[in-house]
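Please look over the sequence and the model shown below, and then read the report that follows, which goes from a pair of helices to the nonpolar cores and on to a few single residues.

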Amino acid sequence: MHKIYISNSYNPYFNLAFEEYLVKYHSHQDEILFLWQNQNTVVIGRNQNPWKECNIKELNLQEGKLVRRLSGGGAVFHDKGNLNFTFISAYYEGKLKENTNIIIEALASKEIKAEFSGKNDILVDGNKISGNAFFVEDDILCHHGTLLVDVDIEKLGCILTVSENKLKSKGIESVKSRVININKLNRDISTESLKTDLINTFSSLGNKASVFMVDEKVIEDDHIRLGDINKLMDTYKSWEWNFGSSPEFNYQISKRFTWGGVDIDLLVKDGIIVEANVYTDALDVNLPQSVKNIILNTKFDHEKTVDLISKRLKI
């Protein structure tokens, strides 16, 4: 049976929890299309380092959210101008291509000639309009991606561009590509119209497609348990999942105060500072050990770590 779920929520924790629920409790006979949007959100790949992929300070200033997904691949920025799609089905060779063709056919219906490129991009004239990722769990394929319809490209660049700030990570880094909004190619396309085109294209493949609207309070499909989704949401909201699951990395903090300068080399594992080497021209010979005592075994965050040192040492 073909099923279509459309989320009315812009909450990334709910949307990713709902997606995971569909994978965990999927029937091998069902073909599912899930359409969803997030607001002001960075979604990183399963093995990525959030501090490497995202300007955390800027995201916080924008009151944005960061969340880690289950699939690999790179970091993406979501606002209401981005439409996310998820295909869930039994896995078999060639299924990814079939799913991608649904996207390409939906775009072709609006006279946009798109093509799949490399491992995970959909391009138009060499410009990226969509990034894809997937994972397989118990022979169930979860294939999801973005469609940049009318995204704030300037904000995307600001939040996903981080300084070369002396961070060396063992995680997977995003590949930067030229991006373009779909409505620059056809101004008649909106996120709502593209939803309709995707629904029509997907529905044409099956005898019947049932459509269900979902959000944090109401799930129109009576077979889905909202309580189980809420439990999954707790994970997606947690610091342990979004930051603590980060690969090991080294980070250097350099700061100058009125009394002198300090350079701190950190080793961070699971988001926790586990080693620190402190170098300073301060006259206080005990300062390096004092700094170590303050920051070791604390959660890493550049701004908070510097603030903690400054306040505790009153410098």
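Helix 4 and helix 6 are oblique to each other, a word kept for angles outside three ranges, namely under 35 degrees (roughly parallel), over 145 (roughly antiparallel) and 65 to 115 (roughly perpendicular). The axes of helix 4 (residues 95–108) and helix 6 (residues 191–203) cross at roughly 120 degrees and come within 9 Å; axes here are lines fitted to C-alpha atoms, for helices over the stretch in contact, with angles from 0 to 180 degrees between N-to-C directions. Helices (H or I, at least four residues) and strands (E, at least two) are DSSP runs, numbered from the N terminus.

The crossing of helix 4 past helix 6 is right-handed, which is the case when the near helix is turned clockwise from the far one by less than a right angle, an anticlockwise turn being left-handed. Helix 4 brings I102, I103, E105, A106 and L107 to the contact, while helix 6 brings L194, D197, L198, T201 and F202, contact being heavy atoms within 4.5 Å. Sorted by class, this contact holds seven nonpolar, one polar and two charged residues.

This is a predicted model, in which local features need pLDDT of at least 70 and side-chain atom pairs count only at pLDDT 80 or more, whereas totals for chains, interfaces and linings use all residues. Residues are numbered from 1 along each chain as its sequence is written, and side-chain values use heavy atoms, with hydrogens and water left out.

The protein as a whole has 10 helices and 15 strands, and its C-alpha trace spans about 80 × 45 × 35 Å along the principal axes. Of its 315 residues, 52% are buried, where buried means under 20% relative accessible area, exposed over 50%, and partly exposed in between (1.4 Å probe, protein chains only). Among contacts with a separation of 6 or more, 71% join residues 24 or more positions apart.

The largest nonpolar core, a set of buried Ala, Val, Leu, Ile, Met, Phe, Trp, Tyr and Cys residues joined through side-chain atoms within 4.5 Å, has 34 residues, and V42, L66, I264, L266, I295 and F300 have the most contacts inside it. Among the elements that give two or more residues to this core are strand 3 (41–44), helix 5 (153–160) and strand 14 (260–269). Leaving out residues up to four places away in sequence, V42 touches C54, L59, K65, L66, V67, V76, F77, I159 and L160. A second, separate core has 28 residues, including Y5, Y13, F34 and W36.

Which residues have a positive phi without being glycine? One is N40, at about 55 degrees, and another is D125, near 50 degrees. N40 lies in the loop between strand 2 (31–36) and strand 3, and D125 in the loop between strand 8 and strand 9 (127–137).

The table lists the accessibility of these two residues beside that of two strand residues.

| Residue | Relative accessible area | Class |
|---|---|---|
| N40 | 9% | buried |
| D125 | 70% | exposed |
| V124 | 6% | buried |
| T146 | 7% | buried |

V124 lies in strand 8 (residues 121–124) and, apart from neighbours within four places in sequence, is in contact with I112, K113, A114, I129 and L185. T146 has its place in strand 10 (residues 140–148), and its C-alpha atom is separated by 36 Å from that of V274, 128 residues apart along the chain.

Technical notes
Ala, Val, Leu, Ile, Met, Phe, Trp, Tyr, Cys and Pro count as nonpolar, Asp, Glu, Lys and Arg as charged, and the others, Gly among them, as polar.
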